[in-house]
Amino acid sequence: MAKERGKNNFQFYSSKLNGLSSRKMELENSLRKALEQNQLLLYYQPQVEIASGKTVGVEALIRWKHPEYGFITPNEFIPLAEETGLIVPLGKWILHQACEQNKAWQDEGFIKVPVAVNISVRQLQDDDFVSAVGNILKETGLDSKYLELEITESVMYNIERSTVILNELKKLGVKISIDDFGTGYSSLSYLKHLPIDKIKIDKSFVDDIINHSNQGAIVKTIIDMGHNLNYTVIAEGIETDVQVNFLKKHSCRIGQGYFYSRPLPVEEVSEFFK
Ligand code: C2E
Ligand code: MG
Ligand code: MG
Ligand code: MG
């Protein structure tokens, strides 16, 4: 019985698999083309010092402006780029673009803050990542103290290698922050050995402040821990003044979210600073 059905099942599954992988290949091809045809661009979201209201940084967030489908969000194509390895060249393009833009803003004279760039683990562990970052800084002329790399807790899976790479990056003078802090695999004993400057409290915990699910207990705990370990603490995904007041009261230094500003296209960033 199983044998009889086996063949059909196999055909069923293999055609389903082929269907999936050809869709993936199609997406991969169009992503390659997107890179060549300038369909990819970076938006920038301000990071604001909560107490003073001063903008102290911007985070670069990639957008894909597809000629047919309109805007495609990074959550839809970054995982694919990671899976196929395309994230390595794509990531270099992103870094170059962000550094070049930040240098241009600084030369214009009124925006002088670090730019934060999201880095996938796959990129970080690529053999020439550190030298690529060094080259991009040289090529664009951006002072390394104005570049911050956002990595996630998934670097902990290969802690030895990650430690070596992060230390080399620190020697270049760039800053390291942990994105989506609290959502991933994280061991505090490892964390403390990594050369980290900043942690970003994930939006899900910042949401808890207004959902009253735990009176923001996790947020408070992360802020205190961050301060004890000498990290700068930033809260992500702030949408309301209730959240801002809570974060201010508990001495969270920096905030980012729609409350302050959505991610903006390049042309609007200068306006925001003015
Ligand atoms: P992330 O790095 O944690 O970025 C924060 C995300 O939250 C962004 O979504 C941002 O637009 C959104 N956001 C910010 N404030 C608010 C808010 O107040 N409310 C809500 N609902 N959302 C807010 P986005 O731009 O769609 O990016 C999603 C994720 O894709 C990023 O999460 C990051 O993991 C990844 N990503 C984005 N750009 C890049 C990139 O250049 N390279 C890599 N490797 N990953 C990227
Ligand atoms: Mg980020
Ligand atoms: Mg995040
Ligand atoms: Mg994320």
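Donors here are N, O and S atoms within 2.8 Å of the metal. Keep that in hand for the exercises below, and remember that this is a predicted model.

**Exercise 1. Work out which residues coordinate the magnesium ion (ligand 3), and what spacing the donors follow along the chain.**

Solution. Start with the contacts: Asp179 (OD), Asp180 (OD), Glu236 (OE) and Glu236 (OE) coordinate the ion, at 2.0 to 2.4 Å. Now go along the chain, and the donors give the spacing D-D-x55-E. Then look across to the magnesium ion (ligand 2), which sits 4.2 Å from ligand 3, with Asp179 coordinating both.

**Exercise 2. Decide whether Asp179 and Asp180 are buried or partly exposed.**

Solution. The cut-off for buried is under 20% relative accessible area. Asp179 comes in at 7%, so it counts as buried. Asp180 has 27%, so it is partly exposed.

**Exercise 3. Find the polar side-chain contacts that Glu59, Ser120 and Asp179 make with ligand 1.**

Solution. Take the oxygen atoms of the ligand to begin with: a polar side-chain atom of Asp179 is 2.8 Å from one, and one of Glu59 is 3.0 Å from an oxygen. Next, a side-chain N or O atom of Ser120 lies 3.1 Å from a nitrogen atom of ligand 1. As for cover, the protein takes up 83% of the 800 Å² of accessible area that ligand 1 has on its own.

**Exercise 4. Check the span of helix α3 (residues 87-108), then work out where its buried residues lie.**

Solution. With 22 residues at 1.5 Å a residue, α3 should span 32 Å; the end C-alpha atoms are 31 Å apart, so that agrees. Its buried residues include Ile94, Leu95 and Trp105. Down the axis, the buried residues fall within an arc of 165°, so they line one face of the helix.

Definitions and conventions: Residues numbered from 1 in each chain as written. Chains lettered and ligands numbered in written order. Predicted model: local features only at pLDDT ≥ 70, side-chain atom pairs only at ≥ 80, totals over all residues. Heavy atoms only, no water. Donors = N, O, S within 2.8 Å, 3.2 Å for Na, K, Ca; no water. Buried < 20%, exposed > 50% of the residue type's maximum accessible area, 1.4 Å probe, protein only. Helix = DSSP H or I, 4+ residues; strand = E, 2+ residues; numbered from the N terminus. Expected span 1.5 Å × (residues − 1). Arc of directions from axis to C-beta. Polar contact = N/O pair within 3.5 Å; in protein donor to acceptor, adjacent residues only side chain to side chain. Areas by Shrake-Rupley, 256 points an atom, 1.4 Å probe, with all protein chains shown as cover.
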